[in-house]
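Q: I am new to this structure and would like a close look at one part of it. Please start there and then follow the links outward, explaining each term as you go.

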Amino acid sequence: MKPIILILIVFVFSCKEAPTEIVEVNETTEENSKSLELEINDYAGLEPYLNLKDDHVYVVNFWATWCAPCVKELPFFEQLGENYKDNNVKVVLISLDFPKDYESKLIPFIEKNKLQSKILVLDDPDMNSWIPKVNPDWEGAIPATLIYNKDKKQFYEQSFTYEELKTEVNKFLN
Amino acid sequence: MKTLKTMFVLVAVLGLFAFTTTNDSGGYEIGDVATDFKLENIDGKMVSLSDFKKAKGFIVIFTCNTCPYAVAYEDRVEALNKKYADKGYPVIAIMPNNTDVKPGDNMEAMKARAKAKGFTFPYLMDKGQKIYPQYGATKTPHVYVLEKTSKGNIVKYIGAIDDNYKDANAVNQKYVEDAVDALLAGEEIKEPKTRAIGCSIKV
């Protein structure tokens, strides 16, 4: 009996991993060609992405290529998006890079790091009007992250490790 | 019964501690008395707010060399000092970052930047990073307008310089100028707190 269970386990695991890898490769190619065209919004254009009312948990990270702690934690958001895609978790990266840097810095950064998450660009200089709309407690420092689903929202003006990020996201899954 | 009483007291005391901690963590609010300091300037001299005998107040700006937002505002910070130092509100710039993390903000780099840009205001190093947490600054640039009174330097404005980091010519609201103008005119500051994106202070 025991060997059968073991074989079953091995089978289940290999089954789970093999197709994922193939899908990954396909997505990489797709995302790469897409990322060349930035989706640039003012706050009014961005706002719907902060208030989606479907069954997903959205992890929205505000970052910029010039922000060292943001760049440091980006891989954790990428990792989270990959590891939790079967849990209805979607990662959205909102770049606050300056328009003059879109071509010279932002696009090369996205391509070089092969970012897989959904990327939006926010270009809205009237920050005092939109920062409190994202969250009343946000002082304006980045990195900053918003995690939400259709029932609740939580805002974090801080850097994350992967473990911390997982812990916060799990609160939305249970 | 005695145990119950002890427990009650213990809970009450613990509750008091918890309350105190949350209350203290946020830095200054409008109306608080801001601490003075003694920080090294780019010319090697130590600078305190109390050195400015004739000042009516201060435009304290936490800023640095390495943050693109801070850089975007350099000329406007200099213009603020030119406009308001003689009126009694000098700019006092403080660099709050840990220079081990951001060597581009060390004293040598601060001196070079100030020289290149022709800063006429003090550009101080928050060595040991003791001052910015008391103010509650979280990012660069982060402005505190203080009014000198008999009770000390009172926080009158906290926030951004204006409403357009990208283009000084496209600014609609000059928050800091409006605040200082109001103070000089003895009027109420219409918008005492504003927000802007900035670079988190590096610890």
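A: **A sheet and its surroundings**

In chain A, six strands form an open sheet with mixed pairing, in the order E1-E4-E3-E2-E6-E7. Helices (H or I, at least four residues) and strands (E, at least two) are DSSP runs, numbered from the N terminus, and two strands pair if DSSP finds at least two bridges between them. At the edges stand strand E1 (40-41) and strand E7 (153-156) of chain A; each has a single partner strand, so one side of each is left without a neighbour in the sheet.

Before going further, please keep in mind that this is a predicted model, in which local features need pLDDT of at least 70 and side-chain atom pairs count only at pLDDT 80 or more, while totals for chains, interfaces and linings use all residues. Residues are numbered from 1 along each chain as its sequence is written, and chains are lettered from A and ligands numbered from 1 in the order in which they are written.

Now let's walk across the sheet. E1(A) runs parallel to strand E4 (residues 118-122) of chain A, joined to it by two bridges, and A:Asn41 stands opposite A:Leu122 of E4(A). E4(A) is also joined to E3(A), by four bridges and again in parallel; here A:Leu93 has A:Ile119 as its bridge partner. At the other edge, strand E6 (residues 144-148) of chain A and E7(A) run antiparallel, with four bridges between them. One of the partnerships there links A:Leu146 with A:Phe155.

What lies across the sheet? Helix H6 (residues 162-173) of chain A lies across strand E2 (57-63), strand E3 (89-95), E6 and E7 of chain A, and runs at about 150° to E2(A). That angle is taken between N-to-C directions on a scale from 0 to 180 degrees, with axes fitted as lines to C-alpha atoms, for helices over the stretch in contact.

Next, the step over to chain B. In all, 15 residues of chain A are in contact with 15 residues of chain B, where contact means that the C-beta atoms of two residues, placed from the backbone, lie within 7 Å. On the chain A side, two elements give two or more residues, namely helix H5 (127-134) and strand E5 (141-142); H5(A) provides the largest share, four residues. This side has eleven nonpolar, two polar and two charged residues. Ala, Val, Leu, Ile, Met, Phe, Trp, Tyr, Cys and Pro count as nonpolar, Asp, Glu, Lys and Arg as charged, and the others, Gly among them, as polar.

E5(A) also takes part in strand pairing between the chains: over two bridges, E5(A) pairs in the parallel sense with strand E10 (residues 198-200) of chain B. In that pairing, A:Ile142 is matched with B:Cys199. A:Ile142 turns up again in the largest nonpolar core, where A:Ile142, B:Ile59 and B:Val176 touch the most other members among 87 residues. E2(A), from the sheet we began with, gives the most to this core, six residues. Such a core is a set of buried Ala, Val, Leu, Ile, Met, Phe, Trp, Tyr and Cys residues joined through C-beta atoms within 7 Å. A residue is buried if 20 or more other C-beta atoms lie within 10 Å of its own, exposed if 12 or fewer, and partly exposed in between.

B:Val176 is a good guide into chain B. Leaving aside neighbours within four places in sequence, B:Val176 is in contact with B:Ile59, B:Leu80, B:Val143, B:Val145, B:Tyr157 and B:Ile161. B:Val176 is one of the buried residues of helix H6 (residues 175-185) of chain B, together with B:Tyr175, B:Ala179, B:Val180 and B:Leu183. Seen down the axis of H6(B), they fall within an arc of 125°, so they line one face of the helix; the arc is that of the directions from the helix axis to the C-beta atoms. Their cover includes strand E4 (57-62), helix H3 (74-84), strand E8 (142-149) and strand E9 (152-159) of chain B.

Finally, one loop leads back to chain A. B:Asn164 lies between E9 and H6 of chain B and is partly exposed, with 19 other C-beta atoms within 10 Å. Apart from neighbours within four places in sequence, its contacts are A:Pro125, A:Asp126, B:Ala170 and B:Val171.
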